[in-house]
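This briefing is meant to be read beside the coordinates of a predicted model. The points below are grouped by topic, so that each can be checked on screen in turn.

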Amino acid sequence: WCQTCHIWRPPRAAHCRDCGACIEEFDHHCPWMGQCVGRRNYRYFYGFCVSVSLLSAYTCGLTARFLMHAMAHGAPHWRPHGPP
């Protein structure tokens, strides 16, 4: 029995304080997705984690390539804005 929702909860369900709802097979509340991770959205959470990991790997690879190019050819000389 959930005192907040006033419903009978199924096994492994829990009440989320952030969402204000009972979630079946509650895992955690994800602030980046803005919702709870539970039975109905495990695959979406997994897809979110995979896409963020791929984007991070791509960004790290691109940064490494830029830094290697800058070290090999010399970094450009930056001038402050304004008259020379």
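W1 belongs to the segment before β1, the strand that covers residues 14-16, and with a relative accessibility of 41% W1 counts as partly exposed. H6 is found in that segment as well, and R12 is placed there too, as one partner of a salt bridge. Because the model is predicted, local features are described where pLDDT is at least 70, while side-chain atom pairs count only at pLDDT 80 or more.

**The segment before β1**

- When neighbours within four places in sequence are left aside, the residues in contact with W1 are H6, I7, W8 and R9.
- H6, one of these contacts of W1, has a positive phi of about 60° although H6 is not a glycine.
- The relative accessible area of H6 is 52%, and H6 is therefore classed as exposed, the cut-off for that class being over 50%.

**Salt bridges**

- Side chains of opposite charge can pair when their charged atoms come close, and in this model the count comes to 2 salt bridges.
- R12 forms a salt bridge with E25, in which the closest N and O atoms are 3.9 Å apart, a separation that still counts because the criterion is a side-chain nitrogen within 4 Å of a carboxyl oxygen.
- This pair links distant parts of the chain, since R12 sits in the segment before β1 and E25 in the loop between β2 and β3, 13 residues apart.
- R12 is exposed, with a relative accessible area of 57%, whereas E25 counts as partly exposed at 26% relative accessibility.
- E24 and R39 also meet through their side chains in a salt bridge, with an N to O distance of 3.0 Å.
- Here too distant parts of the chain are linked, with E24 in the loop between β2 and β3, R39 in the loop between β4 and α1, and their positions 15 residues apart in the numbering.
- Both partners of this second pair are partly exposed, E24 with a relative accessible area of 30% and R39 with a relative accessible area of 48%.

**The loop between β2 and β3**

- E25 lies between β2 (21-23) and β3 (28-30), and its phi is near 50°, a positive value in a residue other than glycine.
- E25 thus joins a positive phi with a part in the salt bridge to R12.

**The loop between β4 and α1**

- N41 lies in the loop that runs between β4 (35-37) and α1, where R39 is also placed.
- Is N41 buried or exposed? N41 is buried, because its relative accessible area is 11% and the class takes in values under 20%.
- The side chain of N41 reaches the backbone oxygen of C36 at a distance of 2.7 Å.
- Not counting residues up to four places away in sequence, N41 touches Q35 and C36.

**A nonpolar surface patch**

- F66, L67, M68 and M71 form a nonpolar patch on the surface, and together they have about 520 Å² of accessible area.
- M68, one of the patch residues, lies in helix α1, which covers residues 42-73.
- With a relative accessible area of 57%, M68 is exposed, so M68 satisfies the requirement that patch residues have over 30% relative accessible area.

Note on methods. Residues are numbered from 1 along each chain as its sequence is written. Side-chain values use heavy atoms; hydrogens and water are left out. Patches are made of residues with over 30% relative accessible area and no salt bridge: like charges are joined within 9 Å, nonpolar side chains (Val, Leu, Ile, Met, Phe, Trp, Tyr) within 5 Å. Accessible areas come from the Shrake-Rupley method with a 1.4 Å probe; for residues, only the protein chains shown count as cover. Helices (H or I, at least four residues) and strands (E, at least two) are DSSP runs, numbered from the N terminus. Buried means under 20% relative accessible area, exposed over 50%, partly exposed in between (1.4 Å probe, protein chains only). Contact means heavy atoms within 4.5 Å. A polar contact is a pair of N or O atoms within 3.5 Å; within protein, one must be able to donate a hydrogen and the other to accept it, and residues adjacent in sequence count only if both atoms are side-chain atoms.
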